[in-house]
Structure formats: structure tokens, C-alpha cells
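Reader: I'm in my first year and would like to go through a structure with you, one piece at a time. Could you show it to me first?

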Amino acid sequence: MATFKRDLTKNVGVEDLIMLSEVSESSLHENLKIRYKEGLIYTSIGPVLISMNPYKQLGIYGNDQINLYKGKHEFEIPPHIYSIADKAYRALRSEGENQCIIISGESGAGKTEASKYIMQYIASITGSSTEVERVKKTILESNPLLEAFGNAKTLRNNNSSRFGKYMEIQFNLGGDPEGGKITNYLLEKSRVINQTQGERNFHIFYQLLKGSTDEEKKTYSLLSADQYLYLTRNGSGGCFTADGIDDQIGFKQTKNAMKVVGIDESLQKELFATLSAILLLGNLTFNKSGSGNGSVISDKKLANTIASLMGIDAIVLESSLVSRQISTGQGARISTYSVPQTVEQAMYARDAFAKATYSKLFDYIVRKINQSIEVKTIGKVIGVLDIYGFEIFENNSFEQFCINYVNETLQQIFIDLTLKTEQEEYVQEGITWIPVQYINNKPCVDLIEKKPIGILSLLDEECLFPEGNDQTMIDKLNKHFSNHTHYSKVERQKNSQFIINHYAGKVFYNIDGFLDKNRDTLFNDLVTLATSSSCALLVEIFKYVAPIEVDQDQEKKNRDKFAKNGFANNAAKTFIPTDKKRPITAGFQFKNQVASLLKSLYSCSPHYVRCIKPNSNMRALEWDQSKCAEQVTYLGLFENLLVRRAGYCYRQTFSKFMRRYYMIGKSTWPKWQGDAENGVKLLMGELAQNINIKEEIQYGKTKIFIRNPQPLFLLEEKRNQRLNDLATLIGSVWKMYKQRKWYLRTLAAIKIQRTYRGWLLVRECVKLKNQSISIFQNNKERNRQSIKLSKAAFIGDFLSLSRDNYTTATLKREESPNAVLQLSLNVSKVSRHHKIQKRSLLVTSETIFTISPHKPKKDGSWFAIKRKVPFSAIEKISFSTLSDDFFVIHINNEHDLCLETNKKTVLITLLSNLYSKHLNGKQLAFEFKDSIQYRNQKGPSELKFVKVDSIHEKSSNSPQVNSPTFTAKAEKNSLKVSVLPGLAAETKSILIEK
């Protein structure tokens, strides 16, 4: 891993404002200024990161920098956006709690870029399995896609987010991303039909016009940008480009991102056709009809083109725009009337249809992204909030009102968690503390959202009245809030403005259009028109109904209230809805979204990035002192510095502290049974023996407070070392356990294998025994010894020659390289002179060898091959019917082999199997008679067998000298064998253990 080396030439000012030698607003401003001038855009106030937009690439992002910040604490390296991301990720892993990163600042301060760098960092430091990589790629590719459809060039920012976004990344137990969710807030859809001079529409329109091929332009009926009314309205003509944005490259990135999130080429074609239709809608004009106040479309050809792109009927399109269907009555008495629309009303319907279509397209894209990264399980998340910055324009309308409202709520969170709550906590815990004064914006938030008298509530109320209009609305505001500290009315001849004193300054709002934008009216005729389309995409986006988020606590209160008053239907478990079918307005929806967002943020451990816009000219490293000082003031950075300077950087409940660090104390390990507070004091007492930390620590009623981070870093180091030691111990015990388990399993396996092999051997022996019975039973009297067969008898290698190198080499030389010894035993051979000679028999898979051992020689040889008999040359084998062990192997065209062995039964059984296998199932022939004619080297000979009751003298020719069961006597051209009586011929062989 690369190591970070501080560049002393860049060590300008202080990296953490807590370390300022003089704590004042001027020193804070000066420190930010000199660092920004040197390209050091990041400064911190403890855990809060201050980011200043450099308006240029500084080369401080990428894999090298990611490796520098991975797993590092704040004090080890300079402040950076990667440091905040790493801290949030480590906190999620170590604490097991949800994290959120709140990025705030005015428009153009660099919030969107900061969120992208956070995503890039998290993607780089996490795992690389196939599914994890897919999720990470989808999350990263969602940025250019959402920017294309949700960002636009404004007077303050060439890539301004015109919607809010809260991205939640869910992690599995291994710390890798497994899914996520994007929540979007209040798209500025009015931009589709109208832009301020010097601004652009959404990027996607210019990407489509610039990046499409000639064939695509023809398919989508595209014109040049200056031919669209929606791109040149209200004096914005000519503003078709933006510095630093290449629409042609952007279009390729957008299409690639669509593929990644699951929008295939067919869907892309429908989507681009719909975008083209939206632009062409703006060129649709209306003329007054011949009679009455009605209107008609002036360019039928253009209407046909739009209808074709949207997959709808041109006649129905015109009818839906120039007339409205109004229904009266109920049930069977319902009547429907077609009401013609004036030219102005038709244009309003056209614009409403264009805005609604684009807004629903944007929501559809967000849903597709969420579907591609959806995860069914619930896990820990890191949320990144990138929402529109505070805006003050020359003309501030309903959109700016909503944008500034959400920024007020975010500022309230910052104040609550970094200023208000922190100071209240010190007092509650009994920590000595001098209060720091700060500006609380809670009254401003209440002014906007409080019930029943708040601007949003009054706006919704006014929308219910048919006579309600913008003027009656502002009169109502002036009446209710004339004495409010954050509200002012404008004393002008045309009373169409009001003032709200926000935390970032006073903003003049133009009331014109407030009610229309809040009503967000889209006539049913246009919805029906869209759902009749042959374009599946258009039908889907207009039929989709977003699920309504229900506040469960409020729902329960409503049920209890209605049940108490007797309005509940207990049988059906239903109750009268609280909204009484009141129309849902844009303001009401946005307020609910903000409430849901705040609930999510308050449930997470927050991390803050406060973005500052250094100048309004978007010039690299240019510092506007007054503008920056204004932002520092309304962001509350100086008050935050005072609290952090005098306060404690770390606080935690005793129980959680013990749960994290109990393993490093000798008196608290391995299990602390006592009170958590006493355990913490014992643990810190042990730590204080090595370093002086008494002044750095205070104990509250339920929490421990640590002033500076150094003791905390020491605790973390000791914890990591202890965890490593414990991991080593656990690893060694586990390895020992695994090794012993393996050893015991091996012993068990050996025993099982031995038993199984024994069972196989017994099974094979039984099979061979039965085969031997089939050969000899009822054909030959049985010898008492030959019927007793051991389990090892049929192994066959009685002389243990299978591993003898000379034997193996000789067999391979004489037979083939694949020769394998199957049987070896000692035999007695009847010579040509009818004498008994000692020999050994070697049997392979296809040959019988008779060998005669001799003294070992220098070349390793110890026997000589006397005869080689291939199986194919064997004609038959002859036996007597008596209990002797003689047999004759008759060989075609050669002299025969006359042999005797006490292992006759095993030899003949195995030889029969080998013979049959080698000759493809041919059975070896056997013959039983007491006079066997055979050929020896001298010519025809005979083997005669005679049963006798006793043998009186031992013959020198008998191979069984010690306990003979027969005597052999040579006669002329024959050998006479006298045999004692044996067991009956029907006697069966038996298996014995040995």
C-alpha cells in the first residue's frame, strides 16, 4: 500500500479549524481563503468537512488517493471527501448502525460531485464478487443517467441538480454492497416548458439532439435545437451549450447507463421517441375555432407526427387538448359533457401534458434503477443525501420555495445535532459547560410546515376553493403572518410578492403560479389519452400509482379516535379515511417526502459535508470574501467551531463503550459482570497508568466524554491489537480442533475403509467359494484341508511377488508392458521320468509361467522361467475323482503340465476366472476321471489313481512327506497314486477367518 507523505509546501493554515490559535470569524475566513488559494479545498471542524468548489480538476481523486485514505483516522491524513466516506463505512462495520452523509450548500457549491466521489470510494474499497460488482456498477452508472434527466445548466451552475436525491446503499455482513434504493424529490418539471434567460432545459434533450445519428434523427423526427419552442422560450434562445459539458459524449454515457440498469434498446427507442414528442408538443399551436370560444390545432401534420411518436391517435390527441370531458350526476343518472377549451386553456393542457409525461419518465427511470439494485433482506445502510442547494433568483417561484424549505429542514438537523442537542446533552449529563449562542431556524421551518396555520397548509386550503387564486392566497398570508419574525409582505402597487427570512438570507417569492403548481392538475382526458397508447412505456408510466407512505403512529391514533367515537366498523376493521378524499397537492406530497427523509436521517448516525461556493463567476480558485463570509455565517460554521473547540469530540453510553472496548482491560476481560459505569472507570484507569488522560475524560450520568481524539485513537489501536491477538488465539484453537477432528475422521475413515474392504473381500471370497463348489462338488472327493478357505486365500499372491522388481520386470518383458501378477504359489511338478520336482507357478491375466528358483545373481535375477503357457493354448484341466491334489493342464500341440499343490482349489478357481475374462467369456473345460492320459516330453503317459484304506510306508516321491494323504509310485509310462479316502464329493467348501 502506498504511504502518504505530507507536502510541506502545501501545509497552509490549519487542516482542522479546532487547531486555530485565534478563534474568531476573521481567522476562520482567512484560514479557508489561504488554503483555497493553494488548492486545498478541504478543511474540517472536527467531524464536519468543509468543501470548497475549485472549478477545476486538482488531481486529488483516484485509486492512489483512495489507498491513502483507506482505513485511516482523521488525524493521520489531511481532510478529504474520502475521509468522510471511510469514516462512515468503518462506523457501519464497527458499530453496526445505519450511517448517513448529509451534503449541504447552495447551488453550485459542488454537492453532486461530492456525492459521486463518495460513491466512487465505497465502490473501490469493497469486495469484488460478481454480484457485488454488478451492484456497484449499477450504483455508479445511475449517476450519469440521473444527471442527464434531472440536471440542467442554471445561472449559478452548469450541472445543477433540479431534483433531490437520497441514495441508500445496503451492505451485507461482509461489508459489501448488496443493493440499495434511490428516493427522488420534487423534480423541477416546469423547466421542461420554460427556462430563465441564460439557462438550459434538462441535459437529456440536448444529448438527444446532439448525439443521435442521422437515422435516429429521422426515426424520432428530431429538429435543430433552435426550432423548439420549449428550448427557446422566454428569451433563452441561443443557450444550447454549457461549459464543461459534452452532450455528444454524455448521450453515449446515458445509453450505456440505461443498459446497465435494465433499460434495453427497445425501451430506449420508446423513451427517446417520447422525449422527441415532448419537445414537439411545445411547437403545437392553436387557433380559435370558427364559432364560440373553442380552439383547434393549427398544424395537423405536426400533431400527426407527435401522435405517431407517442403511439396515440391524432384525432384523440387533438380532442384531448382542445376539449374536456366533464361528468355530472351519480350512478345511472351520470351525464358526460364535452366542454370546448379556449386557446389559452388548450396551451395550458399541452404544457401540463408535457410536464407530466417528462416527470413520469423521470420517476420511471428511478424505479428501473431501484429494481436493478433491489434487495429483499433488511441490512445496514449508508445514505448519501444530494439535494438541491439553497436558491435565490431574480424570480423565485413555487419550486424555489420548496427547495429552500427542504434546505431549512436540513439546516435544522445540523443545528439540532451539532449545536442544540450537543449542548443540551452536556447539561443533562452534568458536564460543566458554558453555553454557545446560535441562530435557531425552527421558527422559519414552522412558518412553512406547521399545522394548521403554515404556508403549505394555507396553500392546500386555498387550492380547495374554486374562487381561490394567487392574489387571495397572498392576502391570506399577509393576514396570518404579518407579525411573524421570518415573514414580510412587500408594499408595492402590485402586491404579488412576499418575503421569507431564511437562514441563508431574505428571499422574495413571486406568488404568481403558486396555486397552479401546487394543484399540479392533469385532466383525466390526457391520462386516458396516454393509457390508450400503443407504446407500452407511455401506458406504464401513466398507469403507475406510487404507494402512499402511511405514518403508522398517526394511523393508530386515527383508529383509536374513531373507535372511541363509534365510527369504527369493528367487523370489517375499517374506518373513515382522514383525508376525506381531499386532492393530493404537490406541496402536500413534498412535505410528506421531507418528513420521511427527516425520519430516515434522524435514525442514522450523521456525517456532514458543508459545501461552499467561493464565487459566482465559476472561476477557478477565485475567492469572493463577502459571498464566502455570508455562507460561513448561515451555515453556522463558526458556532459549530465554538462548540467543538470547547466540547468533547467523542461521547458514548457506558454500555456501548464497554461492549466495544471491554476486551482490552485485564479486569474487564473475558466477561464483565458488574455495572457498565464501573467497568468503564476500571478500564480507563488501566489506560491512565500508561498515559495522562485524566484531563481528557469526564464521566456523565450515563455516558463517557473524551475531549480530544488521541485517547480514542489509542483505545482503537489497543482494541485492534487485542482483536488480532484473540483472532490468533481463536485461529490456533480452531486449527487444533480442525486438525484433531481431521485426525479422528481419518481414523474413522480408515476403520470404515478397512471394514468395507473386508466386507468386499468376504463378498468376493464367497463368490469364489461358490464358484469352487460348482467346479468340484459332486465331481471329486474333498480333502479336509482344501475345503477350508480363508478370507485371504483368494488374494492369490501367496509368494508376495507382486512388489518384487525382478519379477515385475520379467513378466513385462516376457508378456507385455501391461502384465500384472495375479497369482503366485509353490507347486510340485511330475517330470518326464515321473519324479516329483519343486517349482513355482506365476499366473498373469493371460499366461501361466513355471519358474525354478536359484541363488540370486548380480543382475538381481533369482529364478529361471521353465515354461510359458498362454491361456489360449490350454485345452482342458483333468482331475481324479479322489481327494488328491494332482491335476493336469492339457496344452494344444505341446506336452502337458502335471502338477500338484495343496492350494489346488484356489488356483483352479482363480485360473478359471482369468481364463474366462481373457477369452471373452469362454469357459475353461474340466474333466474328472481316475485314469488321466497326458503327454510329457517323452511321449504319452498316464496318471493312475487308486483309493486305499491306509498308507503303510512313505514314498520318496510323495511331496507331502510329513503327513502324506497319498503315495506316488512310478511305473512304466505312468505314475500310480494311492489316495486315502476323502470326504464325500457333495461336501461344500467353508470360509474361515485365517
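Reader: Thanks! Which residues of α26 are buried?

Author: Before I answer, please keep in mind that this is a predicted model. The buried residues of α26 are Gly679, Val680, Leu683, Met684 and Leu687.

Reader: And where do those buried residues fall when you look down the axis of α26?

Author: Seen that way, the buried residues of α26 fall within an arc of 125°, so they line one face of the helix.

Reader: What span should α26 have, and how far apart are its ends?

Author: Helix α26 has 13 residues, running from 676 to 688, and at 1.5 Å a residue they should span 18 Å. The C-alpha atoms at its two ends are 18 Å apart, which agrees with that expectation.

Reader: What happens at the start of α26?

Author: There, a side-chain oxygen of Asp675 comes to within 3.0 Å of the backbone nitrogen of Glu677. In the loop between α25 (654–661) and α26 you will also find Pro670, and the peptide bond that leads from Trp669 to Pro670 is cis, with omega near 10°.

Reader: Where else should I look for a cis peptide bond?

Author: Look at the bond from Lys451 to Pro452, which is cis with omega near -5°. Pro452 lies in the loop between α15 (442–449) and α16 (455–464). As background, most peptide bonds are trans, and most residues other than glycine have a negative phi.

Reader: OK, then which loop holds Ser221, and what is its phi?

Author: Ser221 lies in the loop between α7 (214–219) and α8 (229–232), and its phi is near 55°, a positive value in a residue other than glycine. Ser221 has a relative accessible area of 26%, so it counts as partly exposed. Leu621 also has a phi near 55°, and Leu621 lies in the loop between β16 (605–612) and α23 (625–634).

Reader: Changing topic: how many aromatic pairs does the structure hold?

Author: The structure holds 39 aromatic pairs. In one of them, the rings of Phe398 and Phe514 have their centres 5.6 Å apart and their planes at 85°, so this pair is edge-to-face. The pair links distant parts of the chain, with Phe398 in helix α14 (residues 398–428) and Phe514 in helix α18 (residues 514–519), 116 residues apart.

Reader: Are those two rings buried or exposed?

Author: Phe398 is buried, and Phe514 is buried as well. Both belong to one aromatic cluster, which also includes Phe401, Phe481, Tyr487, Phe498 and Tyr509.

Reader: Which charged residues sit over a ring?

Author: Arg367 lies over the face of Tyr544, at 3.6 Å from the ring centre. The charged end of Lys904 is placed over the ring of Phe776, 5.4 Å from the centre of that ring.

Reader: Last one, about strands: in what sense do β31 and β32 pair?

Author: Strand β31 (residues 966–971) and strand β32 (residues 974–979) pair in the antiparallel sense, over six bridges. To follow one bridge yourself, start from Ala968, whose partner in β32 is Val977. The hairpin of β31 and β32 has two residues between the strands, and there Asn973 takes a positive phi near 55°.

Methods:
Residues numbered from 1 in each chain as written. Predicted model: local features only at pLDDT ≥ 70, side-chain atom pairs only at ≥ 80, totals over all residues. Heavy atoms only, no water. Helix = DSSP H or I, 4+ residues; strand = E, 2+ residues; numbered from the N terminus. Expected span 1.5 Å × (residues − 1). Buried < 20%, exposed > 50% of the residue type's maximum accessible area, 1.4 Å probe, protein only. Arc of directions from axis to C-beta. Polar contact = N/O pair within 3.5 Å; in protein donor to acceptor, adjacent residues only side chain to side chain. Phe/Tyr/Trp six-rings, centres within 6.5 Å; stacked < 30°, edge-to-face > 60°. Lys NZ or Arg CZ within 6 Å of the ring centre and 35° of its normal. Pairing = 2+ DSSP bridges.
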